[in-house]
Amino acid sequence: MIAYNVYDDVTNLRNLVDAFFSHNEYQAISREFPLVNISSTDEEIELEALVPGMSAEDITLNLVDNHLVIEGEKKEDYADERYIRRERHFGNFKRSIRLPYRVDNDTIEASMKNGILRVKLMKNEDAKPKKIEIR
Amino acid sequence: MRYEAEENKIDNRNLIMPLADVYETDDLYTLKLEMPGIDKEQFSVTVEENELVVYAKLDGFPQSKNSHNNEFNLSGYFRQFKLGNDIDRNSIEAGLENGILTVTFHKAEEVKPRRIAITSH
């Protein structure tokens, strides 16, 4: 049991207004598919992409110059059933992502888990930070 | 909100509302939600009275490294659905695959389509 508190409604309203004005990135750029995060360390670049409902066979990755091209098809997972609500998108997609550094072409690792694609790329020797000796 | 302790309300402001599809067959309603990045242990699906609540809290991904492109932040997911009376509350099943949460509802016997036998006299 919880006593009715008149201020709950006031804070609920505030939350509603806050949520409206706070920029929710996941929904705001949903035209872009897939959404991508890129982070880096001194040695490597890690790219994560949201690809829910897709398996490794559905996606092709290509490295073109210093762009990573993610391409594939998101297949509809229920065929001709009567739908009541339909918010998800299906179909072909292609997205080219500019990598922040030049990468070593031979050591690229990609894996999929729980609808997230992870790509690990090693920086090219020239792109790694170098310590310069002062004499 | 009646789930999780009352005093410990879910702060759903920063949680993502997962995209949902609902479709039906003669026996079932199926709900599919896009929730990339969650494990089986991290989500809860609860039914209370007429409300289905899907909630998942993620620890978030380590943000210590240099970030170059930041288009998503997986803080967690939250969404509520109203259930109709034609759903059998005791046979709701949930499964997770490749970041898609599938919840299956069996229709109550009374609302399933029935073939009516015609008897001739």
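**Salt bridges and surfaces in a predicted model**

User: Hi! Which residue does Lys128(A) meet in a salt bridge, and what is the N to O distance?

Analyst: Happy to help; do keep in mind that this is a predicted model. The side chain of Lys128(A) pairs with an acidic side chain in a salt bridge, at 3.4 Å from N to O. That falls within the 4 Å cut-off for such a pair. The partner and distance are Glu43(A) and 3.4 Å.

User: Where in chain A do these two residues lie, and how many residues apart are they?

Analyst: Lys128(A) is in the segment after strand S8 (116-123). Glu43(A) sits in the loop between strand S1 (36-40) and strand S2 (44-50), so the bridge links distant parts of the chain. Their separation is 85 residues.

User: Is Lys128(A) buried or exposed?

Analyst: The cut-off for buried is under 20% relative accessible area. Its partner Glu43(A), at 40%, is partly exposed. Lys128(A) has a relative accessibility of 17%, so the class for Lys128(A) is buried.

User: Why does the pair of Glu71(B) and Arg95(A) join two chains?

Analyst: These two residues form a salt bridge, with their closest N and O atoms 2.7 Å apart. Both Glu71(B) and Arg95(A) are buried. The pair joins two chains because Glu71(B) lies in the loop between strand S5 (66-70) and strand S6 (76-82) of chain B, while Arg95(A) belongs to strand S6 (residues 91-98) of chain A.

User: Which residues are linked with Lys74(A) in a network of salt bridges?

Analyst: Over all chains, the structure holds 19 salt bridges. Lys74(A) takes part in a network of them that has members from chain A and chain B. The residues linked with Lys74(A) there are Asp77(A), Arg88(A), Asp21(B) and Glu34(B).

User: What is the area of the nonpolar surface patch that includes Val17(A)?

Analyst: Val17(A) is placed in helix H1 (residues 6-21) of chain A. With 37% relative accessibility, Val17(A) counts as partly exposed, and patch residues need over 30%. Leu13(A), Leu16(A), Phe20(A) and Phe21(A) make the patch together with Val17(A), and its area is about 590 Å².

User: How many helices and strands does chain B have?

Analyst: Along the sequence, chain B reads β-β-β-β-β-β-β-β. Among its contacts with a separation of 6 or more, 57% are between residues 24 or more positions apart. The count for chain B is zero helices and eight strands.

User: What share of the residues in chain B is buried?

Analyst: Chain B has an accessible surface of about 7,100 Å², with 45% of that belonging to carbon and sulfur atoms. Of the 121 residues in chain B, the buried share is 41%.

Methods:
Residues are numbered from 1 along each chain as its sequence is written. Chains are lettered from A and ligands numbered from 1 in the order in which they are written. This is a predicted model: local features need pLDDT of at least 70, side-chain atom pairs count only at pLDDT 80 or more; totals for chains, interfaces and linings use all residues. Side-chain values use heavy atoms; hydrogens and water are left out. Helices (H or I, at least four residues) and strands (E, at least two) are DSSP runs, numbered from the N terminus. Buried means under 20% relative accessible area, exposed over 50%, partly exposed in between (1.4 Å probe, protein chains only). Patches are made of residues with over 30% relative accessible area and no salt bridge: like charges are joined within 9 Å, nonpolar side chains (Val, Leu, Ile, Met, Phe, Trp, Tyr) within 5 Å. Accessible areas come from the Shrake-Rupley method with a 1.4 Å probe; for residues, only the protein chains shown count as cover. Contact means heavy atoms within 4.5 Å.
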